[in-house]
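Visitor: Please take me through one part of this model up close. I'd like the sheet and whatever packs around it, contact by contact.

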Amino acid sequence: MGASIKQTVIASDEEAQYDEKAKKLLGHKIILAYILVNTIDEFRGMNPKDVVKYIEGEPHINVVPIDPGVTNTSEKTETESIKDRKIPEQVIGLNTENSEINEGMVRFDIIFYVRMKNGLNQIIINIEAQKEEPSKYKILNRAVFYICRIISSQKGRDFVKSEYNKMKKVYSIWICMNMKENSLTHIHLSEDDIIGSHNWKGDLELLNIIMIGIAENPPSKEDEKYTLHRLLSTILSSNLKVNEKLQIIETEYNIQIEDSIREDVEEMCNLSQGIKEKAFEGGYTEGYSKAILRMYEAGLPIEQIATIMKESVENIKKMLQQFTTTK
């Protein structure tokens, strides 16, 4: 029992590290720029390299709390040195430490400021990465909560008292892996006249939710409609090897492979391989291996089992061999 608990703890830690590396890789400015040019009209059609300069400061990755009352709590942070500037260069004055009673720390995955092409206005971008669409709750409900927190947290940081005209437009972009098909949806405010047609003053563009669905299999590089989907699928894949990822990123997207990007890709792939190897050992995922064995004993072809379990045929064979030799 002790060994099983230990394996579970190690597994959880490695999976957490994998998620952290995935967020860090997404948080590189050139990757963020590719997301922006494919989701936000202001930057659509631009070269991502030209958009990088509009991303201000360094994006906050998994450090800004979501809880009401603490997203915008002032305390000493890495951005302390620029607090006195009139125009913030990144999301500043954000509390980075707060624990929720039951669930521990809950943070935005990635959050940052982007300056518009006019050089004056700013928008706030939040990006969330999900392994799949959650079953415990409706993902749109969570997205609405997140974007409302970002909007409300602007008071005292981006505007004071009743200066609501200074509110910044917010985009909350959700990337959901392992979906049935590739998709891209923009959810925003709309205005419907019920009686009369008064022109109410205000900005309906303040609140924007972008849902990006990434299918299990990467789209073909020939289909330009799925350019962003192929890039995200490559970055977040747990099956592609280091050289395969780097080749696609560099040759297809003309992204210069800096040492920091290479390091993040390598660490991500190493963590992914380590997690899979533990699955072969039967440790904390013994139930996973047993499920594969039951399907095999029931007569399902290995190819079909691989599809169901989202594994390669080679890995399924290795799992079956490892499990049967230890019985």
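**The sheet and its helices**

Guide: Let's start with the sheet: 6 strands make an open one with mixed pairing, in the order β1-β2-β3-β4-β6-β5 (strands pair if DSSP finds at least two bridges between them; strands are DSSP runs of E, at least two residues, and helices runs of H or I, at least four, numbered from the N terminus). Keep in mind that this is a predicted model, where local features need pLDDT of at least 70 and side-chain atom pairs count only at pLDDT 80 or more, while totals for chains, interfaces and linings use all residues. Numbering runs from 1 along each chain as its sequence is written, and side-chain values use heavy atoms, with hydrogens and water left out.

At the edges sit β1 (60–61) and β5 (183–188), each pairing on one side only. Further in, β2 (residues 110–115) runs antiparallel to β3 (residues 122–130), and 6 bridges hold that pairing. Look for Arg115, which stands opposite Gln122 in β3.

Now for the helices on the sheet. α4 (residues 139–152) touches β2, β3, β4 (169–179), β5 and β6 (207–215), and its direction makes about 155° with that of β4 (contact means heavy atoms within 4.5 Å; angles run from 0 to 180 degrees between N-to-C directions, with axes fitted to C-alpha atoms, for helices over the stretch in contact). α5 packs on the sheet too, touching β4, β5 and β6, with its direction at about 70° to that of β6.

α5 (residues 227–236) also has helical company. With α2 (residues 29–39) it packs at about 150°, axes 10 Å apart, so α2 and α5 are roughly antiparallel (over 145 degrees; under 35 is roughly parallel, 65 to 115 roughly perpendicular, the rest oblique). The crossing of α2 and α5 is left-handed (near helix turned anticlockwise from the far one by less than a right angle; clockwise would be right-handed). On the α2 side you'll find Ile31, Tyr34, Ile35, Asn38 and Thr39, meeting Leu228, Leu231, Leu232 and Ile235 of α5. That contact splits into 7 nonpolar residues, 2 polar and no charged (nonpolar: Ala, Val, Leu, Ile, Met, Phe, Trp, Tyr, Cys, Pro; charged: Asp, Glu, Lys, Arg; polar: the others, Gly among them).

The other partner is α6 (residues 242–252), packed against α5 at about 150° with axes 9 Å apart. α5 and α6 are therefore roughly antiparallel, and their crossing is left-handed. Here α5 brings Arg230, Leu231, Thr234, Ile235 and Leu236, while α6 brings Lys245, Ile248, Ile249 and Glu252. The tally for α5 with α6 is 5 nonpolar, 1 polar and 3 charged.
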